Amino acid sequence: MDVLSILRQDPMILSAEEQTPDESFAGLVRLFSLFYQSDGLRVAGYLSVPKERSQPAPAVIFNRGGNREFGLLHPNAVCRLSARGYVALGSQYRGNGGGEGQEEFGGAEINDVIALIDLCQRLPFVKQGGVYMQGHSRGGMTTYLCCARDQRVKAAAIGAGVSDCVAMYHSREQSMKDVFHELVGGSPEQMPEAFRARSAVCWPEKIIPPVLICQGTEDWRVIPQQAYDMDAALTRAGKEHKLTIYPGADHSLRGTSYLDDVIQWFQDHPF
């Protein structure tokens, strides 16, 4: 059965449409936009598959950065993974991209990502037994939270990822502080438990899969110290992980071997 037909027949998926990928991925991938169910809400996302495939492919769930409509998931984020042989999925998180509800910047919208893992287990063109996960910036926080909750994540990669929301709050400008006030409910002093719950550096012992941490030295959005502190925390907890530093790289990690390093990490952890 064709991929689009499979998606449209799955009860978790409310609607699915095939899209034209960026010309750099033409002939390599097929791209689909979809709305799916999570906690009874209509949530937007993307799914892409390698155009040429002879057997089910492992899945990677990509977790976007930003918040609300800022930093919306771009389809290229999943296409570049499918161009490397993976089925790739990503969520806009609830309330964004035409979806229902409201995200909580590390709160209930984590269920929207877990729902994509559930979906992967239902799709016949996805290799069964688990998924990989990649998150960038705020998506790193999302990925850490999933890695503490779901053992189906077999390996994870974090790019310029938030691991300490208290450090994030105090190192950023007022507009970022406003995000925490609007979506989390206040400052670290006002909401200490909410900030702790979103900060993987506080609970490294809960992380289940091997984690690759990728960080640029010139990142001002998520300061490098977050990566160093998370590396130290995972070391103390005895968790398998690797820290990769890109000298001179900014928050985007463009111009580095970031994607190659992520793919190699997944290949080094087969399931």
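Contact here means heavy atoms within 4.5 Å. The model is predicted: local features need pLDDT of at least 70, side-chain atom pairs count only at pLDDT 80 or more, and totals for chains, interfaces and linings use all residues. Residues are numbered from 1 along each chain as its sequence is written, and side-chain values use heavy atoms, with hydrogens and water left out.

**Exercise 1. Place His251 and describe its surroundings.**

Step one: find the segment. His251 sits in the loop between β9 (241–246) and α9 (258–267). Helices (H or I, at least four residues) and strands (E, at least two) are DSSP runs, numbered from the N terminus.

Step two: check accessibility. Buried means under 20% relative accessible area, exposed means over 50%, and partly exposed is in between (1.4 Å probe, protein chains only). His251 has 14% relative accessibility, so it counts as buried.

Step three: list the contacts. Set aside neighbours within four places in sequence. His251 then touches His136, Ser137, Ala160, Asp219, Arg221 and Val222.

Step four: look for a polar contact. This is a pair of N or O atoms within 3.5 Å; within protein, one must be able to donate a hydrogen and the other to accept it, and residues adjacent in sequence count only if both atoms are side-chain atoms. The side chains of His251 and Asp219 form one, at 2.8 Å.

**Exercise 2. Work out how β8 is enclosed and paired.**

Step one: count buried residues. In strand β8 (residues 211–216), six of the six residues are buried, so the strand is largely enclosed by the rest of the structure.

Step two: split the strand by face. In a regular strand the side chains alternate between the two faces of the sheet. On one side of β8 are Val211, Ile213 and Gln215; on the other are Leu212, Cys214 and Gly216. Both faces are covered.

Step three: find the partners. Two strands pair if DSSP finds at least two bridges between them. Strand β7 (residues 153–159) runs parallel to β8, joined by four bridges. Gly159 has Cys214 of β8 as its bridge partner. β8 also pairs with β9 in the parallel sense, over six bridges. There, Gln215 is bridged to Ile245 of β9.

Step four: follow the chain. From β8 it passes through helix α8 (residues 224–236) to β9, a right-handed β-α-β crossover. Right-handed means that, with the strands pointing away from the viewer, the path from the first strand over the helix to the second runs clockwise.

**Exercise 3. Decide whether Ile245 is buried or partly exposed, and name its contacts.**

Step one: Ile245 lies in strand β9. Step two: its relative accessible area is 31%, so Ile245 is partly exposed. Step three: beyond four places in sequence, Ile245 is in contact with Gln215, Thr217 and Tyr228. Step four: Thr256 is eleven residues from Ile245 along the chain, and their C-alpha atoms are 9.9 Å apart.

**Exercise 4. Describe the covering of helices α2 and α4.**

Step one: take α2 (residues 75–82). Seven of its eight residues are buried. They are Pro75, Asn76, Ala77, Val78, Cys79, Leu81 and Ser82. Step two: name the cover. It includes β2 (29–38), β3 (41–50), β4 (59–63), β5 (87–91), β6 (131–136) and α9.

Step three: turn to α4 (residues 138–147). Ten of its ten residues are buried. Among them are Arg138, Met141 and Tyr144.

**Exercise 5. Find the nonpolar cores.**

Step one: apply the rule. A nonpolar core is a set of buried Ala, Val, Leu, Ile, Met, Phe, Trp, Tyr and Cys residues joined through side-chain atoms within 4.5 Å.

Step two: take the largest core, with 61 residues. Leu7, Leu47, Leu89, Phe125, Tyr144 and Phe180 touch the most other members. Helix α3 (residues 110–120) gives the most to this core, with eight residues.

Step three: inspect Phe125. Beyond four places in sequence, Phe125 touches Val3, Ile6, Leu7, Leu47, Val49, Arg53, Pro56, Ala57 and Val87.

Step four: add the second, separate core. It has 26 residues, including Cys79, Ala157, Tyr246 and Tyr258.

**Exercise 6. How many disulfides are there?**

Step one: a disulfide is a pair of cysteine sulfur atoms within 2.5 Å. Step two: the count comes to zero. Step three: test Cys165. Its nearest cysteine sulfur belongs to Cys202, 8.9 Å away, and Cys165 is in no disulfide. Step four: compare accessibility. Cys165 is buried, at 0% relative accessible area, whereas Cys202 is partly exposed, at 28%.
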